[in-house]
Amino acid sequence: MAQKVRIGIIGCGGIANGKHMPSLKKLDNIEMVAFCDLIGERAQEAAKKYGSADAKVYVGENSYKKLLEDKTIDVVHVLTHNTMHSPITCDALEAGKHVLCEKPMAVSAIEAQKMVDAAKKTGKKLTIGYQGRHRPDSLYLKSEAEAGTFGDIYYAKATAIRRRAVPTWGVFLDGEKQGGGPLIDIGTHALDLTLWTMNNYKPKFCMGTTYHKLNNQTHAGNPWGDWDPAKFTVEDSAFGFIVMEDGATIYLEATWALNYLDAKEAVTTICGTKAGADMPDQGELRINGVKNDKQYVLKPALSAAGVAFYEGNSDNPADREARFWIDAVVNNKTPFVLPEQAFVVTQILEGIYKSAETGQPYYFGK
């Protein structure tokens, strides 16, 4: 590997500009040397703002394959719409690149499995962009779970509820390119956080429902403006009930638009035999239990203790994600998010969609 990690960016849209490229730019041991997008102006602008002096630009549907031919590129970030995650990631791994793929891992378990298999076959590192794990509330909760504070965790709730916040740009509302709506978009973060905290990746069956109740409305009070009902082809809400092999149950809520006041996104609630915990909102954590025959509630001062949870000077989850990922590549460490874990998230999301279609429980492994 060169002195600096050479990175190629495939997909220069919102998530690339809002999360990945700004965070990578802060690292002094990387350089972004290639930018690929369907829209030439986006790739050019990204190269100008974030690229090395000799950065190359690739434009067009299959131009990413030319990018992958560059043997000097060490790492690729796959930041495209969801249906392209698996094929581009597999091609990048086969081309000898380490890959960070944005969430969700894939639109189906079959596609996700291809990614896991390609990583194993090539020996290259693969991780998925679940930056919610890097928040201080998430890290504190995980450390308590690992310490046995909660005992046997047998019930959890994964929550991603927006009262009215439907993304109206890009292809978010396009079921053909995204593979789903809020369930696969924001529900995926809440489910990943929940499974990771529980350290439970063996689902038995699930039940699910999806709704298209509000997507035909106009003048809907959406902060990003009205959506086009004709183009809103994904669900506006989805709910799932998951039973794990050990009997633990998880309730999953995911919605972009719900007439509901207690909106919160990418948070989890867990209940164990010794204690429980919930996140009133992102960045907040409450642990409850019984001590000395009295009930208690513990609220860690996460903002005051930030240094204890972050390496370096950054307290931004996206920055921490980028730093840990590049460190895993440079020093041959295990990625913070394992592809096998992300596979189970995709597997469960697909199960909820299939259950919603059939009206029947969806059993895993059958």
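Which residues is leucine 195 in contact with, leaving aside its neighbours within four places in sequence? That's the warm-up for the exercises below.

Before you start: this is a predicted model, where local features need pLDDT of at least 70, side-chain atom pairs count only at pLDDT 80 or more, and totals for chains, interfaces and linings use all residues. Residues are numbered from 1 along each chain as its sequence is written, and side-chain values use heavy atoms, with hydrogens and water left out.

**Exercise 1. Work out the surroundings of leucine 195, then place this residue in its core.**

Step 1. Look for contacts, meaning heavy atoms within 4.5 Å. Leucine 195 has Asn200, Tyr201, Met244, Ile250, Val344, Val345 and Ile348 as partners, with neighbours within four places in sequence left aside.

Step 2. Go up to the nonpolar core, a set of buried Ala, Val, Leu, Ile, Met, Phe, Trp, Tyr and Cys residues joined through side-chain atoms within 4.5 Å. Buried is under 20% relative accessible area, exposed over 50%, and partly exposed in between (1.4 Å probe, protein chains only). The largest core has 83 residues, and Leu195 is listed with Leu67, Met105, Ile128, Phe150 and Ile242 as having the most contacts inside it.

Step 3. Ask who contributes. H8 gives the largest share of this core, nine residues; helices (H or I, at least four residues) and strands (E, at least two) are DSSP runs, numbered from the N terminus. A separate second core of 22 residues includes Ile30, Phe35, Ala46 and Val329.

**Exercise 2. Decide whether threonine 188 is buried or exposed.**

Step 1. Find threonine 188 in helix H8, residues 182–198.

Step 2. Check the accessibility: threonine 188 counts as buried because its relative accessibility is 0%.

Step 3. See what surrounds threonine 188: leaving aside neighbours within four places in sequence, the contacts are Lys103, Pro104, Tyr130, Leu183, Val345 and Leu349.

**Exercise 3. Follow strand E4 through its side chains and its partners.**

Step 1. Sort the side chains of E4 (residues 75–78): Val75 and His77 point one way, Val76 and Val78 the other, and all are buried.

Step 2. Find the pairings, where two strands pair if DSSP finds at least two bridges between them. E1 and E4 pair in the parallel sense over four bridges. E5 (residues 98–102) also runs parallel to E4, joined by four bridges.

Step 3. Zoom in on valine 78: this residue is the bridge partner of isoleucine 10 and stands opposite cysteine 101 in E5.

**Exercise 4. Describe the largest cavity and what lines it.**

Step 1. Set up the search on a 1 Å grid over the protein atoms alone: a cavity is a set of points where a 1.4 Å probe fits but cannot get out, and lining residues have an atom within 4 Å of a point. Points are joined across faces, edges and corners, and a volume is the space filled by probe spheres set on them.

Step 2. Count and size: the whole structure has one cavity of 30 Å³ or more, and the largest cavity holds about 70 Å³.

Step 3. Read the lining, which includes Leu100, Tyr130, His134, Trp325 and Phe336. Helix H9 (317–330) gives the largest share, three residues.

Technical notes:
On a 1 Å grid over the protein atoms alone, a cavity is a set of points where a 1.4 Å probe fits but cannot get out, and a pocket is an open set with protein on both sides within 12 Å along at least five of seven lines; lining residues have an atom within 4 Å of a point.
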